Amino acid sequence: MPDNKLQKGPQDSARININEDYEVRYWTEKFNCSKQKLKEAVGAVGFNPSKVNTYLKKSKTEKLTVRVQTKTNVKIDVKKLRRDFPMLASKPGGKPMIYFDSAATTHKPKVVIEKLKEYYLKQYAKPNEQHSFSKTTTVAVELTRRKTAKFIGASSPKQIIFTRGTTEGTNIVAHGFADAILNMADEILITKMEHHSNIIPWQMACVKSGAVLRTISITGKGEIDLNELDSMITGKTRIISIPHSSHVLGTILPIKKICALAHAKGVAVMVDGAQAAPHMPVSMKDLGCDFYAFSCHKMGGPTGLGVLYGKTEWLNKIAPLIGGAEMADTVTFSSSTYTGIPKKFEGGTPPFAEIIAFGTLIDYTKKINLANTSQYEVQLLKQATEGLSKIKNVRIFGTSDNKEPLISFDIEGKDVKKLERYLHNKWGIALRAGELTAQPLMKVLGVKQLIRASFCYYNTPQEVETLIKGVETFAKMK
Ligand SMILES: Cc1ncc(COP(=O)(O)O)c(C=O)c1O
């Protein structure tokens with residue numbers, strides 16, 4: 001087996017997991033390299049370069065990381081980038097803020113804040129009215145819908161529903177399935193690594209429909225076993241709802257493969273993209289999932305806004321969760337008819353200022369290029385993993401080779417809540433300790449609580465070094 005370590009930094013190399021389920025074009029675009037370079041990289045680590053398509057498309061089981069020389073240098077000027085985020089300059093308690101809680105919510109670039117301010121000061125009006133400010137708003141909202149569709153590789157803006165966040169997106173699908181699809185004793189599959197918001201809506205759907213919720217176990221590395229998943233799909237399974245990446249373990253799930261397994265048996269797939277969409281380019285066409293939900297506040301966008309993507313045929317099949325203004329064609333005291341998609345899912349006044357500011361965030365994200373920043377974030381994760389794993393009694397939960405930039409850990413015999421306070425008060429580090437909105441997963445892992453450091457492209461290696469020092473000092477304290 002070839003050496004699968006990536007040693008060099010993001011400047012001249014890029015990481016590819018050959019067994020990931022993307023097409024060649026995805027990788028060449030992601031790493032800005034030619035197909036020839038991709039082939040050379042595959043050849044350099046002992047695989048047949050002419051079979052690069054087969055490796056990438058047919059999803060070989062071997063895990064392999066190769067190095068690709070990129071056409072242009074992938075350079076992140078973090079100092080410059082940080083100037084885009086005013087909050088990062090703040091000094092709570094007199095110390096520079098080290099923000100490692102981006103999995104909870106990210107800070108916002110100035111352009112988004114300014115867009116909101118400018119909109120409220122100069123353009124504000126409710127959409128869908130006749131006056132000119134309203135028309136400007138209507139156009140801007142629909143422009144963001146089109147930008148969002150393009151950003152996530154959806155085939156039509158009609159497949160983009162603006163929600164309050166991932167939670168609402170999941171609830172729309174779960175309740176929609178309970179009402180239209182699920183029958184007594186039907187089965188829904190989720191994993192054991194779920195956030196509460198991908199558990200509770202499905203429990204509600206089970207109560208409504210009589211369906212049964214089943215859970216897919218996780219391996220010691222924090223991955224799921226695809227053979228087990230496949231064997232759990234029965235004639236009664238109607239939907240699999242899974243995270244694109246875990247908010248505790250960091251594991252990135254092979255969504256395309258899971259969709260292929262599920263679709264071969266006529267089962268739908270819903271993806272909770274809350275932790276993945278902020279860190280990697282995603283393409284609905286490529287992943288092939290039926291639904292995908294994410295939250296804008298976790299990716300530099302405004303609060304109170306999320307996106308639910310759905311395949312057209314599904315969105316037409318399920319009923320809306322919320323009834324109200326803008327989602328009905330005709331209303332009588334006895335019944336109402338709904339408009340088409342996406343509006344039928346957007347009852348009530350939408351958060352239009354936030355939607356418009358999210359359009360600005362998409363422009364910003366394209367400029368900084370998630371494909372580049374994700375390489376940088378992987379380096380931060382690698383640095384944190386190496387540093388923390390050297391500290392006596394530190395246990396890291398989630399050791400997949402393919403992770404989002406977050407790390408959850410504890411120190412045997414120590415209270416992680418005390419560590420959280422200590423890191424904040426003494427070192428100025430903001431992170432999160434507790435059950436991490438994953439009580440069932442804590443039981444599976446055999447822990448009460450964990451502490452999680454989650455990184456973003458605006459973090460620096462110096463900040464990661466401070467975290468390692470802080471944890472090391474705490475671990476030695478009596
Ligand atoms: C994996 C995952 N799913 C869903 C959510 C819920 O997101 P929101 O509260 O923005 O709806 C979160 C939030 O932390 C999450 O990490």
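Two residues count as in contact if their C-beta atoms, placed from the backbone, lie within 7 Å. Keep that in mind for what follows.

Good morning, everyone. The model I'm showing is a predicted one.

Start with the whole protein. There are 17 helices and 17 strands. The protein has 478 residues, and buried ones make up 46% of them. Now take contacts between residues at least 6 apart in sequence. Of these, 72% join residues at least 24 apart.

Next, helix 13. Helix 13 runs over residues 352–368, which is 17 residues. From first C-alpha to last, helix 13 reaches 25 Å, close to the 24 Å expected at 1.5 Å a residue.

Which residues of helix 13 are buried? Begin with the run Phe-352, Ala-353, Glu-354, Ile-355, Ile-356 and Ala-357. Then come Phe-358, Gly-359, Thr-360 and Leu-361, and also Thr-365. What covers these buried residues? The cover includes helix 5 (110–123) and helix 6 (132–151). It also includes strand 4 (160–163) and helix 14 (370–389).

Look at both sides of this helix. Ahead of helix 13 is a loop that starts from strand 12 (336–338), and Pro-342 sits in that loop. The peptide bond from Ile-341 to Pro-342 is cis, with omega near 0°. On the other side, helix 13 is followed by Asn-369. Asn-369 belongs to the loop between helix 13 and helix 14. Its phi is near 70°, a positive value in a residue other than glycine. Is Asn-369 buried or partly exposed? Asn-369 has 16 C-beta neighbours inside 10 Å, so Asn-369 counts as partly exposed.

Glu-326 also has a positive phi, near 70°, and is a residue other than glycine. Find Glu-326 in the loop between helix 12 (312–317) and strand 11 (328–331). Glu-326 is partly exposed, because 14 other C-beta atoms lie within 10 Å.

Now the core. The largest nonpolar core has 110 residues. Which members touch the most other members? They are Ile-258, Val-269, Cys-289, Phe-291 and Tyr-309. Helix 13 gives the largest share of this core, seven residues. Where does the core lie with respect to domain 2 and domain 3? Domain 2 (86–105 + 369–476) and domain 3 (112–366) both give residues to the core, so the core lies between them.

Zoom in on Ile-258. Set aside its neighbours within four places in sequence. Ile-258 is then in contact with Leu-229, Ile-240, Ile-242, Leu-253 and Val-269.

On to the ligand. Which residues surround the ligand? Gly-165, Thr-166 and Thr-167 are there, along with His-195, Ser-197 and Asn-198. So are Pro-243, His-247, Asp-272, Ala-274, Gln-275 and Ser-295. By class, this shell has two nonpolar, nine polar and one charged residues.

Three single residues to finish.

Take Phe-409. Phe-409 lies in strand 14, residues 406–411. Phe-409 has 22 C-beta neighbours inside 10 Å, and the cut-off for buried is 20 or more, so Phe-409 counts as buried. Phe-409 and Phe-397 are twelve residues apart in sequence, and 5.7 Å apart in space, C-alpha to C-alpha. Leave out residues up to four places away. Phe-409 then touches Leu-388, Val-394, Arg-395, Ile-396 and Phe-397, and also Leu-450 and Ile-451.

Then Phe-474, in helix 17, residues 461–476. Phe-474 has 17 other C-beta atoms within 10 Å, so Phe-474 is partly exposed. Phe-474 and Ile-411 are 63 residues apart along the chain, yet their C-alpha atoms are separated by 9.3 Å. Not counting residues up to four places away in sequence, Phe-474 touches Leu-419 and Tyr-422.

Last, Arg-83. Arg-83 is in the loop between helix 4 (78–82) and strand 3 (98–99). Arg-83 is partly exposed, because 14 other C-beta atoms lie within 10 Å. How far apart are the C-alpha atoms of Arg-83 and Lys-110? The separation is 8.6 Å, for residues 27 apart along the chain.

One thing to take away. The core lies between domain 2 and domain 3, because both give residues to the core. Helix 13 gives the largest share. Thank you.

Technical notes
Residues are numbered from 1 along each chain as its sequence is written. This is a predicted model: local features need pLDDT of at least 70, side-chain atom pairs count only at pLDDT 80 or more; totals for chains, interfaces and linings use all residues. Helices (H or I, at least four residues) and strands (E, at least two) are DSSP runs, numbered from the N terminus. The expected span of a helix is 1.5 Å times one less than its number of residues. A residue is buried if 20 or more other C-beta atoms lie within 10 Å of its own, exposed if 12 or fewer, and partly exposed in between; C-beta atoms are placed from the backbone. A nonpolar core is a set of buried Ala, Val, Leu, Ile, Met, Phe, Trp, Tyr and Cys residues joined through C-beta atoms within 7 Å. Domain bounds come from an automatic or database domain assignment. A residue is near a molecule or strand if its C-beta atom, placed from the backbone, lies within 6 Å of it. Ala, Val, Leu, Ile, Met, Phe, Trp, Tyr, Cys and Pro count as nonpolar, Asp, Glu, Lys and Arg as charged, and the others, Gly among them, as polar.
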